[in-house]
Amino acid sequence: MRSIRCKMRAATGENLSVVQFRTLAYLDRNRGGSLSDVAEFIGLTLPSASKLVQSLILKGFLTRETVVSDRRKSALAPTSRGVKILETARKTTHRQLADELSKIPGEQRRTIVSALAALREVYSCDPCTSSSGK
């Protein structure tokens, strides 16, 4: 995973830290997320998350809009520039990984795909909504 994250960050062409990149990607998947959401996801205090978000806003990667129903809250989302950076990083990394994986013999690739499918099944259920109560 570390290798993939490094490739994605390098593919942006921007000097984003791991935390900045993860924040941008999180808000791309969770548009309208709050500062509290970011702080919880990244594992930062609210003041630290605020500085992080502000730096991404100043770089033109994020927007902050006041929530109409509660002026104390802000909704965060990537700008078109932020989305473009993420798309470029994902496409470039996907291409690089495909090139690297193409070097693995076919039977081994099929085994890997099968194992990943099994892992997806195991880890795709939400333990909070599981009917088994675990």
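## Reading a helical chain, feature by feature

Author: Let's begin with a small pair: Glu 107 and Arg 110 both sit in helix α6, 3 residues apart, which is about one turn of the helix. Please keep in mind that this is a predicted model.

Reader: Happy to start there. How do the side chains of Glu 107 and Arg 110 meet?

Author: They meet in a salt bridge, with 3.3 Å from N to O. The rule asks for a side-chain nitrogen of Lys or Arg within 4 Å of a carboxyl oxygen of Asp or Glu, and this pair is counted on that basis.

Reader: Is Glu 107 buried or exposed, and is Arg 110 buried or exposed?

Author: Exposed means over 50% relative accessible area. Glu 107 has 53%, so it is exposed. Arg 110 also has a relative accessible area of 53%, so it is exposed too.

Reader: How many salt bridges does the count come to?

Author: The count comes to 3 salt bridges. Besides the pair in α6, look at Asp 28, Arg 31 and Arg 90, which are linked in a network of salt bridges. Asp 28 pairs with Arg 31, where the closest N and O atoms are 2.6 Å apart. Asp 28 also pairs with Arg 90, and there the closest N and O atoms are 3.0 Å apart.

Reader: Which parts of the chain does the pair of Asp 28 and Arg 90 tie together?

Author: Asp 28 lies in helix α2 and Arg 90 in helix α5, so the pair ties together parts that are 62 residues apart in sequence.

Reader: And how do I read the accessibility of the network's members?

Author: Go residue by residue. Buried means under 20% relative accessible area, and partly exposed is the range between that and 50%. Asp 28 has 17%, so it counts as buried. Arg 31, at 48%, counts as partly exposed, and Arg 90, at 32%, is likewise partly exposed.

Reader: Let me step back. What pattern does the chain follow along the sequence?

Author: Reading from start to end gives α-α-α-α-β-β-α-α, which is 6 helices and 2 strands. To see how the chain folds back on itself, check the contacts with a separation of 6 or more: 48% of them join residues 24 or more positions apart.

Reader: Where should I look for the nonpolar interior?

Author: Look for buried nonpolar residues whose side chains are joined. The largest nonpolar core here has 17 residues, and those with the most contacts inside it include Leu 16, Leu 24, Leu 27 and Phe 61. Helices α2 (18-29), α3 (35-42), α4 (46-58) and α5 (80-101) each supply at least two of its residues. With 5 residues, α2 gives the most to this core.

Reader: Which residues does Leu 27 touch?

Author: Setting aside residues up to four places away in sequence, Leu 27 touches Gly 33, Val 38, Leu 62, Leu 76 and Pro 78.

Reader: Could we follow one residue of α5 in the same way?

Author: Try Leu 86, which is found in helix α5. Its relative accessibility is 0%, so Leu 86 counts as buried. Beyond residues up to four places away in sequence, Leu 86 touches Phe 21, Leu 24, Ala 25 and Asp 28. Leu 86 and Leu 24 are 62 residues apart along the chain, yet their C-alpha atoms are separated by 7.9 Å. Notice that Asp 28, a contact of Leu 86, is also a member of the salt-bridge network.

Reader: What does the side chain of Thr 92 reach?

Author: The side chain of Thr 92 reaches the backbone oxygen of Thr 88 at 2.9 Å. Thr 92 is in helix α5, and at 17% relative accessibility it counts as buried.

Reader: Now the outside. How should I read the surface?

Author: Begin with the totals: the accessible surface of the chain comes to about 9,500 Å², and 55% of it belongs to carbon and sulfur atoms. Buried residues make up 26% of the 134 residues in the chain. Then look for patches.

Reader: Which residues make the nonpolar surface patch?

Author: Ile 112, Leu 116, Leu 119, Val 122 and Tyr 123 make a nonpolar patch of about 540 Å². Tyr 123 is found in helix α6 (residues 106-124). At 67% relative accessibility, Tyr 123 counts as exposed. That brings us back to α6, where Glu 107 and Arg 110 lie.

Key:
Residues numbered from 1 in each chain as written. Predicted model: local features only at pLDDT ≥ 70, side-chain atom pairs only at ≥ 80, totals over all residues. Heavy atoms only, no water. Patch = residues over 30% accessible without salt bridge, like charges linked within 9 Å, V, L, I, M, F, W, Y side chains within 5 Å. Areas by Shrake-Rupley, 256 points an atom, 1.4 Å probe, with all protein chains shown as cover. Helix = DSSP H or I, 4+ residues; strand = E, 2+ residues; numbered from the N terminus. Buried < 20%, exposed > 50% of the residue type's maximum accessible area, 1.4 Å probe, protein only. Core = buried A, V, L, I, M, F, W, Y, C linked by side-chain atoms within 4.5 Å. Contact = heavy atoms within 4.5 Å. Polar contact = N/O pair within 3.5 Å; in protein donor to acceptor, adjacent residues only side chain to side chain.
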